[in-house]
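Visitor: Hi, I've just opened this one and I'm new to it. Could you walk me through it?

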Amino acid sequence: MRTLTFASRNTKEITRDILTLIFGIVFPIVLLLLLSAINKGIPEGHGPDIFVISKLAPGITVFGLSFLSLFSSMLIAKDRTTSFVLRLFTSPLKPSEFILGYTLPLIPMALIQTAVCYLCALFLGLPFSVNLIVAVLVNLPIAIVFISLGLLFGSILNEKAVGGICGALLTNLSAWFSNIWFDTAMVGGAFKAVADILPFSHAVNAARAAVAGDFAAIFPDLWWVIGYAVVLLAAAVTVFAMKLKKN
């Protein structure tokens with residue numbers, strides 16, 4: 001009950017920033033429309049199949065979720081710089097309840113972002129099937145990864161710093177190492193090795209497998225992402241607990 005009350009407060013804080021919410025949903029759609037248009041302008045058989053809508057759409061949904069790290073980091077960093085944080089530290093909430101309270105409001109946003117992207121993809125030629133429902137759910141672990149990263153950095157850095165780390169650096173890293181814009185196997189070497197270690201390409205592979213209906217191929221890529229989600233969420237709780245104890 002205490003966690004839900006805190007989550008309700010955070011939901012109100014998030015929904016107040018309408019422009020940020022719109023950007024988080026609209027920007028991935030703009031990318032989807034632009035890249036789809038570019039792909040249609042290329043003669044059949046001459047362009048990379050990575051921009052085919054069945055592969056492009058799942059990748060864009062994963063990339064769009066990277067903005068959740070900015071939302072979560074700004075929210076917790078802002079609370080840390082106001083008198084509100086003093087009231088938080090005197091509340092009976094545990095560190096895990098704090099982090100859960102910051103996380104829960106962003107889960108519906110992740111689902112909406114993913115669903116809207118796939119809805120747009122339907123108009124661009126993506127066949128409708130129940131696989132899309134699975135694909136939406138498959139994106140939840142990577143959404144938690146991005147949210148946890150935001151909470152982790154937001155617990156350490158100020159608002160200005162998290163804007164650069166989560167708003168610029170993290171979104172670029174998730175784009176480069178995700179298999180969305182190009183196949184990391186084509187680059188090979190250390191680049192591919194790093195991409196295979198990070199969760200982003202695994203999330204995209206799992207999402208593409210879900211859209212294709214190849215459910216057996218969803219794993220072990222999804223397990224890799226789930227592992228990252230668990231570790232990062234635990235790290236966010238631990239760091240927040242340290243801050244709580246220090247203050």
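Visitor: Let me start with a single residue: is N179 buried or exposed?
Guide: N179 is buried, with a relative accessible area of 10%. Buried means under 20% relative accessible area, exposed means over 50%, and partly exposed is in between, using a 1.4 Å probe and protein chains only. One thing to know early: this is a predicted model, where local features need pLDDT of at least 70, side-chain atom pairs count only at pLDDT 80 or more, and totals for chains, interfaces and linings use all residues. Residues are numbered from 1 along each chain as its sequence is written, and side-chain values use heavy atoms, with hydrogens and water left out.

Visitor: OK, and where is N179 placed?
Guide: N179 is in the loop between α10 (159-176) and α11 (184-187). Helices here are DSSP runs of H or I with at least four residues, strands are runs of E with at least two, and both are numbered from the N terminus.

Visitor: What's the phi of N179?
Guide: The phi of N179 is positive, about 70°, although N179 is not a glycine. Most residues other than glycine have a negative phi, and most peptide bonds are trans.

Visitor: Where is there a cis peptide bond, then?
Guide: Look at the bond from F219 to P220, which is cis with omega near 10°. P220 lies in the loop between α13 (200-212) and α14 (221-246).

Visitor: Zooming out, how many helices and strands are there?
Guide: The protein has 14 helices and zero strands.

Visitor: And what about the overall size?
Guide: The C-alpha trace spans about 65 × 35 × 35 Å along its principal axes. The radius of gyration is 19 Å, which agrees with the value near 18 Å for a compact globule with 247 residues. That radius is taken over C-alpha atoms, and the globule rule is 2.2 Å times the number of residues to the power 0.38.

Visitor: How much of the protein is buried?
Guide: Buried residues make up 47% of the 247 residues.

Visitor: What share of the contacts comes from residues 24 or more positions apart?
Guide: They account for 81% of the contacts with a separation of 6 or more. A contact means heavy atoms within 4.5 Å.

Visitor: Got an example? What does S148 touch?
Guide: Leaving aside neighbours within four places in sequence, S148 is in contact with A229, L232, L233 and A236. S148 lies in helix α9 (residues 140-154) and counts as buried, at 0% relative accessibility.

Visitor: What about N131, which residues does that one touch?
Guide: N131 touches A210, V211, A212, G213 and F215, not counting residues up to four places away in sequence. N131 is found in helix α8 (residues 131-138), and at 15% relative accessibility N131 counts as buried.

Visitor: Switching topic: how many salt bridges does the structure hold?
Guide: Two. A salt bridge is a side-chain nitrogen of Lys or Arg within 4 Å of a carboxyl oxygen of Asp or Glu.

Visitor: Which residue pairs with D79?
Guide: D79 pairs with R9, and their closest N and O atoms are 2.8 Å apart. D79 lies in helix α4 and R9 in helix α1, so the pair ties together parts that are 70 residues apart in sequence. D79 counts as buried, at 4% relative accessibility.

Visitor: And what does D196 pair with?
Guide: D196 forms a salt bridge with K192, with the closest N and O atoms 2.8 Å apart. D196 and K192 are four residues apart in helix α12 (residues 189-197), about one helical turn. D196 is partly exposed at 31% relative accessibility, and K192 is partly exposed at 28%.

Visitor: How far is K192 from N179, the one we began with?
Guide: K192 and N179 are 9.8 Å apart in space, C-alpha to C-alpha, and 13 residues apart in sequence.

Visitor: Last topic: what's the volume of the largest pocket?
Guide: About 320 Å³. On a 1 Å grid over the protein atoms alone, a pocket is an open set of points where a 1.4 Å probe fits, with protein on both sides within 12 Å along at least five of seven lines, and lining residues have an atom within 4 Å of a point. Grid points are joined across faces, edges and corners, and the volume is the space filled by probe spheres set on the points.

Visitor: Which element gives the largest share of the lining?
Guide: That's α4, with five residues. The full lining is E13, I14, R16, D17, T20, L21, L70, F71, M74, L75, K78 and E159.
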